[in-house]
Amino acid sequence: MTALLSIRDLSVAYRGNGREALKNINLDVAAGERIAVIGESGSGKSTLALVIAGLLPPSARIEGHIDWQTTEFRSSHSFAPPSVLPEMSGRTEGAKDRQPKFVPLGGRDIGLVFQDPSASLDPVMTVGKQIAEVAHTHLGLDWPQAFARAKTLLERVRLPDPDAAMHAYPHQLSGGQKQRVAIAAAIAASPKLLIADEATSALDTIVQAEIVSLIRQLVAEDGMTLLFISHDIALAAELADRIAVFRHGELVELGTTAQIASAPHHVYTRALLDAHIGLDTEPMLRRAGASV
Ligand SMILES: Nc1ncnc2c1ncn2[C@@H]1O[C@H](COP(=O)(O)OP(=O)(O)OP(=O)(O)O)[C@@H](O)[C@H]1O
């Protein structure tokens, strides 16, 4: 399968933080693949999402490369994450040599869904306008077309009354409904990559399962690549083809969901699995296609 994304020797350090948030990460993500990134709090999961999306603060030190395979240019293009550019002044010749380079744009090429939908939704703009704005900006649709697309998206994310929701403000919706709206906005420009960073962590178990199922369906229907970030290995196993296990900024294990769930190599992965034993390990293994 073609790699959509190749991460090479990637390290990230935040200013004022002695420890590197990511250490020498190498990871290929295939086009159309669903990959889960799991690990405990502080393991570097969100940093990975932010560096891929080019959203790290400019003060963060980034080393290494993220290469994108884009159909637009029909070849592989390398980009230095935007926030590293000022620090790359000594290497600009090399950077110029790689022209034309493809710099993915958040919203257009990468859809992002975070834990707290309230933080990504504008409280004083109607839901319909927020989704339509993404389609208007990134797809160049005129406003009537953009609003029509917003309505279709609200139907696709299964909001109970899409017509009413178009005119609603975020505070009038439940947490699960807001997350559906955030997902609709994230996929409004048909991004190649959807990053869901703890997108279900703030929701109760039933709504969590509904959102996971929704993400699975949308990713399949639109042929998106999924980076699903979670601290919950059981949830990750529900929809990932492969699981990447992070600890203290390092990628300690990478394997198919069945392999990770049934025969983990790393002691830390085993500990994450053990935390689920007696709770939902068997269903998780069955879902992952492993023999129990
Ligand atoms: N803006 C920042 N400035 C300084 N240090 C940061 C910043 N953001 C994250 N860090 C540090 O980087 C490391 C990795 O954090 P990160 O948020 O990527 O982990 P995480 O696995 O996503 O954790 P969580 O599940 O709690 O969100 C941690 O030590 C964290 O304290």
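**Strand 3 and its partners**

Begin the tour by selecting strand 3 and strand 8, which run parallel and are joined by five bridges. Within this pair, select A36: its bridge partner in strand 8 is F228. The model on display is a predicted one, and every position visited below should be viewed in that light.

Next, keep strand 3 (residues 34-38) selected and add strand 9 (residues 242-247). These two strands also pair in the parallel sense, over four bridges. A36 stands opposite I243 in strand 9, while I38 has V245 as its bridge partner in strand 9. A36 therefore offers a convenient place to centre the view, since its partners are F228 in strand 8 and I243 in strand 9.

Which residues of strand 3 lie on each side, and are they buried or exposed? R34, A36 and I38 are on one side and I35 and V37 on the other, and all are buried, so that both faces of the strand are covered. In general, side chains of a regular strand alternate between the two faces of the sheet. Five of the five residues of strand 3 are buried, so the strand is largely enclosed by the rest of the structure.

**The whole sheet**

Now extend the selection to the sheet. It is an open sheet of six strands in the order 6-7-8-3-9-10, with mixed pairing. Where are the edges of this sheet? They are formed by strand 6 (110-113) and strand 10 (250-256); each has a single partner strand, so one side of each is left without a neighbour in the sheet. On average, neighbouring strands are turned by 15 degrees against each other, direction ignored.

**Helices on the sheet**

Select helix 1 (residues 45-53) next. Helix 1 lies across strands 3, 6, 7, 8 and 9, and runs at about 150 degrees to strand 7 (193-197). Then select helix 7 (residues 175-187), which packs on the sheet and touches strand 6 and strand 7. The direction of helix 7 makes about 170 degrees with that of strand 6.

**The ligand**

Select the ligand and the residues around it. How many residues surround the ligand? There are 14, and the closest are Y14, A21, S41, S46 and T47. By class, this shell holds three nonpolar, nine polar and two charged residues.

**Three stops in loops**

The first stop is A202, in the loop between strand 7 and helix 8 (205-222). Is A202 buried or exposed? A202 has 17 other C-beta atoms within 10 Å and is partly exposed. Leaving out residues up to four places away in sequence, A202 touches Q115, D116 and G175. A distance to display here is the one to L254: the two residues are 52 apart in sequence and 26 Å apart in space, C-alpha to C-alpha.

The next stop is H266, which lies in the loop between helix 10 (257-262) and helix 11 (267-274). H266 is partly exposed, with 15 other C-beta atoms within 10 Å. Not counting neighbours within four places in sequence, H266 is in contact with V245, V252 and E253. V245 has already appeared on this tour, as the strand 9 bridge partner of I38. The C-alpha atoms of H266 and E253 are separated by 6.5 Å, although the residues are 13 apart along the chain.

The last of these stops is H276, in the loop between helix 11 and helix 12 (281-287). H276 has 18 C-beta neighbours inside 10 Å and counts as partly exposed. From H276, display the distance to D232: these residues are 44 apart along the chain, and their C-alpha atoms are separated by 9.2 Å.

**The full chain and its confidence**

Finally, return to the full view. The protein chain has 12 helices and 10 strands. Buried residues make up 42% of its 292 residues. Of the contacts in the chain with a separation of 6 or more, 65% are between residues 24 or more positions apart.

Colouring by pLDDT is a suitable way to end. The mean pLDDT of the protein chain is 85, and 83% of its residues reach 70 or more. Where does the pLDDT fall below 50? Select residues 73-100 to see such a stretch; beyond near neighbours in sequence, it has 39 contacts in the model. The model scores ipTM 0.97 and pTM 0.87.

Definitions and conventions. Residues are numbered from 1 along each chain as its sequence is written. This is a predicted model: local features need pLDDT of at least 70, side-chain atom pairs count only at pLDDT 80 or more; totals for chains, interfaces and linings use all residues. Two strands pair if DSSP finds at least two bridges between them. Axes are lines fitted to C-alpha atoms, for helices over the stretch in contact, and angles run from 0 to 180 degrees between N-to-C directions. Two residues are in contact if their C-beta atoms, placed from the backbone, lie within 7 Å. pLDDT is the predictor's confidence in each residue, from 0 to 100. A residue is near a molecule or strand if its C-beta atom, placed from the backbone, lies within 6 Å of it. Ala, Val, Leu, Ile, Met, Phe, Trp, Tyr, Cys and Pro count as nonpolar, Asp, Glu, Lys and Arg as charged, and the others, Gly among them, as polar. A residue is buried if 20 or more other C-beta atoms lie within 10 Å of its own, exposed if 12 or fewer, and partly exposed in between; C-beta atoms are placed from the backbone.
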